[in-house]
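Student: Could you take me through one part of this structure slowly, and say how far the model can be relied on there and elsewhere?

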Amino acid sequence: MTLLSTETSASIEQNLVSGVTTVACSASTGNIFAGRDDGNLSIYSDCLKEVSTISVHDDIITAVSVNPFNCAECVSVSWDGQIGLIDCASNNIEVINGHSGIINSISHNTKQPGVFGTTGKDSFLRLWDSRNINQGCTALLPLQQIGSACCWSSQSEYLIACGMEDGCIHVADVRTNQLVTSSIDHCGRISALVSPNNSCGSGGLSDSLLISASVDKSMCTQTFDVLSEALHNRFVNAHPSH
């Protein structure tokens, strides 16, 4: 363990920002997008200097995600059930109704520009395309449970994992609307799902890896490969002619 000096600790304390509930960042622009408890979205530089604050939602922002194909575009979701699409380049803001209740999570597809998924208290996974956001969700998958987290596979544009309030993890194939439940269960709400994106080079973590964390203070790893095979087998069994 490395102990911080008094000088370093004071420096860190000066950079603390209150009222922030969730963050996302853009490596290419150096901006930090901070969702706030008052429904506003604040944009900071890497030294936490505030660049701007935008009024987006009427309630707490629960998650923020930056479009990997357009780092000036940020999407926010909130307790108000709405989705905010913010274009920082043009200062254009669009807010649409997303779920019938609190939206808990958002994840951008790293293979398909503008595509992202959201989960919420209405127990649905909804898919969207920011290029046609006003046309509504492009797909709707019932989850049977409240979705607390979601994460697209870094390896496949068709697989998205959904963490549940009850600690289960489902993986959906958006081509077939098939769902498979992971054999790994946590004992509490899934608080985070992460799939490494190794598109910048070889080495490091496998891009088929799915990492999950829970409020029960546990962390697990598994692979999308195994879950994808289970989805394929289920589809073949349900459609013998394929």
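**A close look at Glu 165**

Tutor: Beyond its neighbours within four places in sequence, Glu 165 is in contact with Asn 104, Ile 146, Ser 148, Gly 188 and Arg 189. This is a predicted model, and the residue we are looking at, Glu 165, sits in the loop between strand S14 (159-164) and strand S15 (169-173). One of its contacts can be described in more detail, since the side chain of Glu 165 makes a polar contact with the side chain of Arg 189, at 3.1 Å. Another part of the chain can be placed by its backbone: Ala 149 is 16 residues away from Glu 165 along the chain, and the C-alpha atoms of the two are separated by 8.7 Å. Is Glu 165 buried or exposed? Its relative accessibility is 30%, and because buried means under 20% and exposed means over 50%, Glu 165 counts as partly exposed.

As for reliance on the model, the chain averages a pLDDT of 85, and 84% of the residues score at least 70. Over residues 1-12, however, the pLDDT is below 50, and this stretch has two contacts in the model beyond near neighbours in sequence. Residues 198-202 also have a pLDDT that stays under 50, and for them the model has five contacts beyond four places in sequence. Where pLDDT is low, the predicted coordinates should not be read in detail.

Key. Residues are numbered from 1 along each chain as its sequence is written. This is a predicted model: local features need pLDDT of at least 70, side-chain atom pairs count only at pLDDT 80 or more; totals for chains, interfaces and linings use all residues. Side-chain values use heavy atoms; hydrogens and water are left out. pLDDT is the predictor's confidence in each residue, from 0 to 100. Contact means heavy atoms within 4.5 Å. Helices (H or I, at least four residues) and strands (E, at least two) are DSSP runs, numbered from the N terminus. Buried means under 20% relative accessible area, exposed over 50%, partly exposed in between (1.4 Å probe, protein chains only). A polar contact is a pair of N or O atoms within 3.5 Å; within protein, one must be able to donate a hydrogen and the other to accept it, and residues adjacent in sequence count only if both atoms are side-chain atoms.
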